[in-house]
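Me: I am new to this structure and would like to learn how to read it step by step. Could you take me through it, giving the general idea before each case?

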Amino acid sequence: PGNSITYSLSAPQALVHGMSFQESYAFLDAWVLTALQGLGIKAWYQPLNDIASDIGKIGGAAQARRGGAVLHHVTMSYDIDADKMVEVLRIGREKLSDKGTTSAKKRVDPLRTQTGLTREAIIDRMVETFAGLHRLTPGQVGSDTLARAQAQAAEKFSTAEWTGVVP
């Protein structure tokens, strides 16, 4: 858990209305590029869903649009073990060739390597940047919502049937 930085944005689908998925990925990741650039990283959006730098891939995004909402989720490497990553991920040759590389291990460059900063310092900069660009209202997850989430985690998302699924 301490080897990555993840975030999710949930917004009304109207926010990305009329945008293609590629346009909405770039739009919803723009703030984090500003944050990374503020940390001295020359970062950019790499279609369709990557955040990249001169040194390598920093992270990747996924997006879903359902029920009038858009959920945009990003995972960025903070201090990843590239050997372990290659061991557990099933990355096809087509995916690698699409990215112009022969090794997933060579493609990833963690934020810790690029900045020397703690994970917490990077997260703080990300939150500060988002707050400076957009309205940010601190909130808390209600106890009922938290209880439902914990029940779902125990009953479904932590089971071997769920975690063992290989697409």
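Reply: What follows is a walk from the whole chain to single residues, and please keep in mind throughout that the model is predicted.

Me: Which elements does the chain contain, and how do they run from the N terminus on?

Reply: A useful habit is to list the helices and strands before looking at any detail. Here the chain has 8 helices and 5 strands, and read from the N terminus on, the elements run β-α-β-β-β-β-α-α-α-α-α-α-α. Of the 167 residues, 31% count as buried, and the accessible surface of the chain comes to about 10,900 Å², with 54% of it belonging to carbon and sulfur atoms. Among the contacts with a separation of 6 or more, 60% are accounted for by residues 24 or more positions apart.

Me: How should I read the sheet, and what is the order of its strands?

Reply: In general, the strands of a sheet pair through backbone hydrogen bonds, and that pairing is either parallel or antiparallel. In this case the sheet is an open one of 5 strands, with the order E1-E5-E4-E3-E2 and antiparallel pairing. Its edge strands are E1 and E2, the latter covering residues 43-46, and each of these pairs on one side only. On average, neighbouring strands of this sheet are turned by 20° against each other, direction ignored.

Me: How many bridges join E1 and E5, and which residue stands opposite serine 4?

Reply: Strand E1, residues 4-12, is paired with strand E5, residues 69-77, over 9 bridges in the antiparallel sense. Serine 4 has serine 77 of E5 standing opposite. On moving to the pairing of E5 with strand E4, residues 57-66, you will find 8 bridges, again in the antiparallel sense, with valine 74 of E5 as the bridge partner of alanine 61.

Me: What lies between E4 and E5?

Reply: These two strands form a hairpin with 2 residues between them, and glycine 67, in the turn, has a positive phi of about 55°. Strand E3, residues 50-53, is also antiparallel to E4, and is joined to that strand by 3 bridges; one residue to look for is alanine 52, whose bridge partner in E4 is lysine 57.

Me: Where do helices H1 and H6 lie with respect to the sheet?

Reply: For a helix beside a sheet, it helps to ask which strands are touched and at what angle the helix runs. H1 lies across E1, E2, E3, E4 and E5, and runs at about 140° to E4. H6 packs on the sheet as well, where the strands touched are E1 and E5, and its direction makes about 20° with that of E1.

Me: Which residues of H6 are buried, and which are exposed?

Reply: With a helix, the point to check is how its buried residues are placed around the axis. H6 spans residues 119-133, and its 15 residues reach 21 Å from the first C-alpha to the last, close to the 21 Å expected at 1.5 Å a residue. Its buried residues are Ile122, Met126, Thr129 and Phe130, and because these cover an arc of only 95° around the axis, they are on the same side of H6. On the other side, Glu128 and Gly132 are exposed. The cover over the buried residues of H6 includes E1, H1, E5 and helix H5, residues 111-115.

Me: Why does glycine 132 count as exposed, and why does serine 24 count as buried?

Reply: The labels rest on relative accessibility, with buried meaning under 20% and exposed over 50%. Glycine 132, in helix H6, is at 65%, and therefore counts as exposed. Serine 24, found in helix H1, residues 21-38, is at 0%, so that residue counts as buried. Leaving aside residues up to four places away in sequence, serine 24 touches Val16, Met19, Gln63 and Arg65.

Me: What can I look for in the loops?

Reply: Loops can be read in the same manner, residue by residue. Histidine 17 lies in the loop between E1 and H1 and is exposed, with a relative accessible area of 70%. In the loop between E2 and E3 you will find leucine 48, which a cis peptide bond joins to proline 47, with omega at about 5°.

Methods: Residues are numbered from 1 along each chain as its sequence is written. This is a predicted model: local features need pLDDT of at least 70, side-chain atom pairs count only at pLDDT 80 or more; totals for chains, interfaces and linings use all residues. Side-chain values use heavy atoms; hydrogens and water are left out. Helices (H or I, at least four residues) and strands (E, at least two) are DSSP runs, numbered from the N terminus. Buried means under 20% relative accessible area, exposed over 50%, partly exposed in between (1.4 Å probe, protein chains only). Contact means heavy atoms within 4.5 Å. Two strands pair if DSSP finds at least two bridges between them. The expected span of a helix is 1.5 Å times one less than its number of residues. The arc is that of the directions from the helix axis to the C-beta atoms. Axes are lines fitted to C-alpha atoms, for helices over the stretch in contact, and angles run from 0 to 180 degrees between N-to-C directions. Accessible areas come from the Shrake-Rupley method with a 1.4 Å probe; for residues, only the protein chains shown count as cover.
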